[in-house]
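Q: Hey, could you walk me through this structure? I'm new to reading folds, so plain words please.

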Amino acid sequence: MEYLSIVLALFAVFLTIYYYNRKKHSFFKEHGILYVPPAPIVGNFGSLLTKRNTIQEVIQKSYDLHPDAKYVGFYDFLQPIIILRDPDLFKTIAVKNSESFPDHRQFVDKRTDPLLGGMLFQLSGEQWKEQRNMLSPTFTSSKIKSMFRQMSDCAQRFTTTLSKLSEKEREVEMRNLLSRYTNDVIANCVYGVSVDTMKEPKNIFFVYGRAATMLIGFLTTIRVMLHRNFPNLTKALRIRFMKKQHTDFFTDMVQKTIKEREATGTQGSDMLQLMMDNRKRKDGSKGLTVDNIIAHAFTFYFGGFNTVSSQSSFISHMLVENPEVQERLQEEIDETLEKTNGQLTYETIMEMKYLDAVVNETLRLYPIVVFLDRICTAPFELPPALPGKKPFVVQPGMNVWIPAHSVYRDPRYFENPDKFDPDRFLNDGKKILNSATYMPFGIGPRMCIGNRFALTEMKVLLCHLLARCNLKACSRTLIPMELDKGTLNVAAKNNQFWLKIEPRKNAHPALLQNGMANGVANGVCKR
């Protein structure tokens with residue numbers, strides 16, 4: 001009898017899910033919007049979850065439904081998503097009417113992961129606006145410039161080690177190595193902690209930081225989708241992204257630093273100090289709390305650790321695939337060093353046009369974030385998706401996506417879109433950068449607050465690395481590039497970038513001398 005009750009209960013659950021699934025997945029049919037037929041429950045993510053496709057391929061299938069459609073439908077599990085295809089609508093939604101689309105859809109439930117849930121990206125409404133306004137002065141050009149020396153020191157230590165690798169050590173997995181550089185930059189510039197992870201790869205800052213931010217791969221995709229679509233279930237089952245010991249480490253570090261600095265009157269030259277200065281505002285308005293500072297400091301770590309190392313890995317790979325581009329970039333770096341007697345400054349790096357073009361072109365070809373999203377908070381009417389169709393009213397709570405990767409590979413907006421061609425940014429750089437078809441750091445008010453920091457961090461690294469080393473293909477280099485399937489971000493197959501590093505024989509003497517001096521002068525894990 002008990003067995004029969006269980007079977008009947010399961011059958012009832014199945015019928016409920018089936019009915020709910022049919023009802024939810026009939027949304028776009030009822031509104032006359034083109035869509036790819038969804039699979040039960042998982043919607044259009046079936047081939048991603050079975051690791052048959054990349055996230056780019058999944059979205060591209062919907063993007064290609066009709067060349068003239070202004071938007072199409074997509075099912076994120078049971079949630080209907082509007083995928084925009086018209087650049088004018090990108091501006092309409094994300095810029096002109098951003099007050100109706102002010103927030104991102106959260107990817108983690110704050111109840112189970114409070115540190116991740118408190119990040120700026122996760123905040124919404126007035127709370128986001130208030131925190132963003134308080135943080136914006138931290139990321140001005142002048143503030144980034146003040147941290148340039150710290151970035152440069154990290155890059156010099158990093159490249160000094162790479163340039164001295166023995167012949168048998170020169171085949172390296174670049175993303176893992178670059179995560180050591182990004183760790184050191186963030187530790188130094190954000191937390192005021194000096195580390196040399198190339199020499200001390202088991203320092204606690206790197207070990208805990210990597211564990212806390214390695215949110216990539218198939219299991220992470222499953223966690224994100226569960227948090228997004230079934231938050232009560234993830235809370236009940238305590239499905240977390242971060243372990244408590246990692247959360248406690250970053251929390252305790254900030255709390256202790258604030259306490260020490262306030263007790264001794266010490267002033268740091270890092271973002272933590274800039275946020276501390278914001279606690280007591282001269283105009284009497286509300287400042288950042290300690291909890292805010294803890295969350296935002298981790299935001300900068302989380303946002304920069306994997307993204308910058310992965311993006312820099314893609315740049316390195318493209319230079320290996322295109323040796324003529326690498327040689328041309330090295331020529332620009334050498335000429336700059338010759339003019340400045342081996343001294344790289346913030347101004348000289350920002351003036352390097354080909355370096356800027358190479359970085360921008362890689363961001364176009366391999367953007368880490370495949371789509372941008374916005375949540376609707378007020379009814380908003382979109383024009384008909386196609387001639388003869390009816391307008392569609394986006395309702396509060398609906399999610400709208402801007403398919404950045406698909407736009408970057410669309411020949412209507414970029415000539416020969418699959419070709420790696422930095423010259424497109426030399427010839428039409430201003431036009432591309434000011435268009436609504438290029439948005440590597442987002443678009444509108446919710447654009448990434450750390451874009452200047454990330455770009456400077458990558459450019460400093462590339463200058464030091466290419467001034468002293470050549471990047472070449474090795475037996476494990478994937479040419480052409482193969483991308484990982486089953487992940488929500490753009491990643492190389494197995495998330496690995498293998499290549500060979502060789503020291504340059506004609507590196508600038510002043511740079512070599514500076515690198516050796518910095519390698520000796522900087523300590524490990526010192527505050």
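A: Sure, we'll go through the sheets and then some helix packing.

Q: Before that, what kind of model is this?
A: This is a predicted model: local features need pLDDT of at least 70, side-chain atom pairs count only at pLDDT 80 or more, and totals for chains, interfaces and linings use all residues. Residues are numbered from 1 along each chain as its sequence is written, and side-chain values use heavy atoms, with hydrogens and water left out.

Q: Ok, sheets. What is the order of the four strands in the open sheet?
A: The order is 1-2-7-4, and the pairing is mixed. Helices (H or I, at least four residues) and strands (E, at least two) are DSSP runs, numbered from the N terminus, and two strands pair if DSSP finds at least two bridges between them.

Q: Which strands stand at the edges?
A: Strand 1 (71–76) and strand 4 do, each with a single partner strand, so one side of each has no neighbour in the sheet. On average, neighbouring strands here are turned by 30° against each other, direction ignored. For angles in general, axes are lines fitted to C-alpha atoms, for helices over the stretch in contact, and angles run from 0 to 180 degrees between N-to-C directions.

Q: How does strand 7 pair with strand 2, and how with strand 4?
A: With strand 2 (residues 79–84), strand 7 pairs in the parallel sense over three bridges. Strand 4 (residues 372–375) and strand 7 run antiparallel and are joined by four bridges.

Q: Which residues stand opposite each other there?
A: Isoleucine 81 is opposite asparagine 399 of strand 7. Asparagine 399 is also the bridge partner of isoleucine 375, while leucine 372 has isoleucine 402 as its bridge partner.

Q: Are the faces of strand 7 covered or uncovered?
A: Both are covered: Asn399 and Trp401 on one side, and Val400 and Ile402 on the other, are all buried. Buried means under 20% relative accessible area, exposed over 50%, partly exposed in between (1.4 Å probe, protein chains only).

Q: What lies across those strands?
A: Helix 4 (residues 55–63) lies across strand 1, strand 2 and strand 7, at about 140° to strand 1. Helix 5 (residues 87–96) lies across strand 1, strand 2, strand 4 and strand 7, at about 120° to strand 2. Contact here means heavy atoms within 4.5 Å.

Q: Now the sheet of three strands. What order does it have?
A: The order is 3-9-8, an open sheet with antiparallel pairing. Its edge strands are strand 3 (171–173) and strand 8, and each pairs on one side only. The twist averages 40° from one strand to the next.

Q: How many bridges join strand 8 to strand 9?
A: Four bridges join strand 8 to strand 9 (residues 498–503). One bridge pair is asparagine 470 with glutamate 502 of strand 9. Strand 3 and strand 9 pair over three bridges, with valine 172 partnered by leucine 499.

Q: And which face of strand 8 is covered?
A: The one with Cys469 and Leu471 is covered, whereas the face with Asn470 and Lys472 is uncovered.

Q: Switching to helices. At what angle do helix 16 and helix 19 pack?
A: Helix 16 (residues 290–321) and helix 19 (residues 353–365) pack at about 105°, with their axes 10 Å apart. They are therefore roughly perpendicular. The cut-offs: angles under 35 degrees count as roughly parallel, over 145 as roughly antiparallel, 65 to 115 as roughly perpendicular and the rest as oblique.

Q: Which residues meet there?
A: Gln311, Phe314, Ile315, Met318 and Leu319 in helix 16 meet Val358, Val359, Thr362, Leu363 and Leu365 in helix 19. The residues of this contact of helix 16 with helix 19 are eight nonpolar, two polar and no charged. Ala, Val, Leu, Ile, Met, Phe, Trp, Tyr, Cys and Pro count as nonpolar, Asp, Glu, Lys and Arg as charged, and the others, Gly among them, as polar.

Q: Which residues of helix 11 are buried?
A: Phe205, Phe206, Gly209, Ala212 and Thr213 are the buried residues of helix 11. They cover an arc of only 140° around the axis, so they sit on the same side of helix 11; the arc is that of the directions from the helix axis to the C-beta atoms.

Q: What covers them?
A: The cover includes helix 10 (174–189), helix 14 (244–264) and helix 16.
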